[in-house]
Structures are given as C-alpha cells and as structure tokens.
Amino acid sequence: LNLGLALRGDLSAGAPLVFLGHHTNPQNPPYHRLLRRSPGAAAEIVASYPVGTASGLPAWYRIVREGTTFHLARSGDGASWHGQSTATLPDFPATFY
C-alpha cells in the first residue's frame with residue numbers, strides 16, 4: 001500500500017518530485033516516507049518514520065512550500081499537525097503538478 005501527496009515539476013519520467021506518504025509491505029512494519037528527486041536524478045529517500053499503530057491510518061498529509069523549501073507534516077486526526085521533515089529543491093519550478 002502506498003498513498004500520500006506528491007508534487008511534480010512536470011509530467012515527464014524524470015521530473016523533480018516531492019512526496020510524503022504512507023508505505024506498507026508484508027516484510028516491514030508500516031512507515032511514512034519523504035522522497036525528493038532533482039530534475040533527471042533518481043528519487044532519494046530523505047526520511048522514513050515508523051508508524052506507531054498497526055496500520056498507521058488514518059493519516060493526513062500537508063506540504064507547504066516556501067521558496068525552494070518544502071515543509072512536510074502529518075496528522076492522525078486532521079487537526080493536530082506534526083512536522084515530519086523539510087526538503088530543499090533549488091531547481092523545482094514555480095508551476096507544478
């Protein structure tokens with residue numbers, strides 16, 4: 001199971017990317033993951049956070065952009081937000097998907 005928020009610089013395969021989301025698989029406990037990708041580069045795991053409950057859901061995600069810095073947060077109830085991490089992408093375009 002993978003779900004979350006993604007911002008892409010464009011729709012090409014190597015587009016710059018910021019992703020904050022939830023990942024589970026049968027071999028590992030669930031966790032929240034922050035990925036970033038600079039233009040034309042491979043995606044990089046910036047941070048992974050273990051989930052405290054069996055499923056880690058429900059979960060809300062928020063990405064706030066300030067210039068070239070992206071602030072990412074998670075909430076278990078949609079009201080109380082917990083800062084997860086930040087990602088800086090100097091080449092991320094002003095317009096994105």
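1. A residue is called buried under 20% relative accessible area, exposed over 50%, and partly exposed in between. Val64, with a relative accessible area of 36%, is therefore partly exposed. Please keep in mind throughout that this is a predicted model.

2. Let's stay with Val64 for a moment. Val64 sits in strand β5. Leaving aside residues up to four places away in sequence, Val64 touches Thr69, Phe70 and His71. Thr86 is 22 residues from Val64 along the chain, and the C-alpha atoms of the two are separated by 9.5 Å.

3. Now for the overall plan. The protein chain has seven strands and zero helices, so a reader going from the N terminus on meets β-β-β-β-β-β-β. Of its 97 residues, 34% count as buried. The chain exposes about 5,400 Å², and carbon and sulfur atoms supply 56% of that area. As for contacts with a separation of 6 or more, 36% come from residues 24 or more positions apart.

4. Which residues make up the largest nonpolar core? There are 12 of them: Leu7, Val18, Leu20, Leu34, Ala59, Tyr61, Ile63, Phe70, Leu72, Ala87, Leu89 and Phe92. Strands β2 (17-25), β5 (60-66) and β6 (69-75) are the elements that give two or more residues to this core. As general background, nonpolar side chains in soluble globular proteins tend to be buried together.

5. Ala87 is a handy core residue to click on. Not counting residues up to four places away in sequence, Ala87 touches Arg36, Thr68, Thr69, Phe70 and Leu72. Among these neighbours, Phe70 and Leu72 belong to the largest nonpolar core as well.

6. The aromatic residues deserve a look too. A search of the whole structure finds two aromatic pairs. Phe70 and Phe92 form an edge-to-face pair, with 4.9 Å from centre to centre and 70 degrees between the planes. This pair links distant parts of the chain: Phe70 lies in strand β6 and Phe92 in the segment after β7 (82-88), 22 residues apart. Phe96 joins Phe70 and Phe92 in one aromatic cluster.

7. Why do Phe70 and Phe92 count as buried? Phe70 does so because its relative accessible area is 0%, and Phe92 because its value is 5%, where the limit for buried is under 20%.

8. Pro16 offers another route to Phe92. Pro16 is found in the loop between β1 (2-8) and β2, and counts as buried at 7% relative accessibility. Although Pro16 and Phe92 are 76 residues apart in sequence, their C-alpha atoms are 6.2 Å apart in space. Apart from residues up to four places away in sequence, Pro16 touches Leu7, Arg8, Gly9, Arg37, Ser38, Pro39, Phe92 and Pro93.

9. How many salt bridges does the structure hold? The structure holds one, and the side chains of Arg36 and Glu44 meet in a salt bridge at 3.0 Å, N to O. Arg36 is partly exposed at 22% relative accessibility, and Glu44 is partly exposed at 39%. In general, side chains of opposite charge can pair when their charged atoms come close. Arg36 also appears among the residues that Ala87 touches.

10. Is Glu66 buried or exposed? Glu66 is exposed, with a relative accessible area of 52%, and its place is in strand β5. The side chain of Glu66 makes a polar contact of 3.0 Å with the side chain of His71. Glu66 and Thr88 are 22 residues apart in sequence, and their C-alpha atoms are 9.6 Å apart in space.

11. Ser75 is a polar residue to inspect last. Ser75 is found in strand β6 and counts as buried at 0% relative accessibility. Its side chain makes a polar contact with the side chain of Asp77 (3.0 Å). In addition, a polar atom of the Ser75 side chain lies 2.9 Å from the backbone oxygen of Ser80. Setting aside residues up to four places away in sequence, Ser75 touches Pro58, Ala59, Trp60, Ser80 and Trp81.

Technical notes: Residues are numbered from 1 along each chain as its sequence is written. This is a predicted model: local features need pLDDT of at least 70, side-chain atom pairs count only at pLDDT 80 or more; totals for chains, interfaces and linings use all residues. Side-chain values use heavy atoms; hydrogens and water are left out. Helices (H or I, at least four residues) and strands (E, at least two) are DSSP runs, numbered from the N terminus. Buried means under 20% relative accessible area, exposed over 50%, partly exposed in between (1.4 Å probe, protein chains only). Contact means heavy atoms within 4.5 Å. Accessible areas come from the Shrake-Rupley method with a 1.4 Å probe; for residues, only the protein chains shown count as cover. A nonpolar core is a set of buried Ala, Val, Leu, Ile, Met, Phe, Trp, Tyr and Cys residues joined through side-chain atoms within 4.5 Å. Rings of Phe, Tyr and Trp (its six-membered ring) pair if their centres lie within 6.5 Å; planes under 30 degrees apart count as stacked, over 60 as edge-to-face and the rest as tilted. A polar contact is a pair of N or O atoms within 3.5 Å; within protein, one must be able to donate a hydrogen and the other to accept it, and residues adjacent in sequence count only if both atoms are side-chain atoms. A salt bridge is a side-chain nitrogen of Lys or Arg within 4 Å of a carboxyl oxygen of Asp or Glu.
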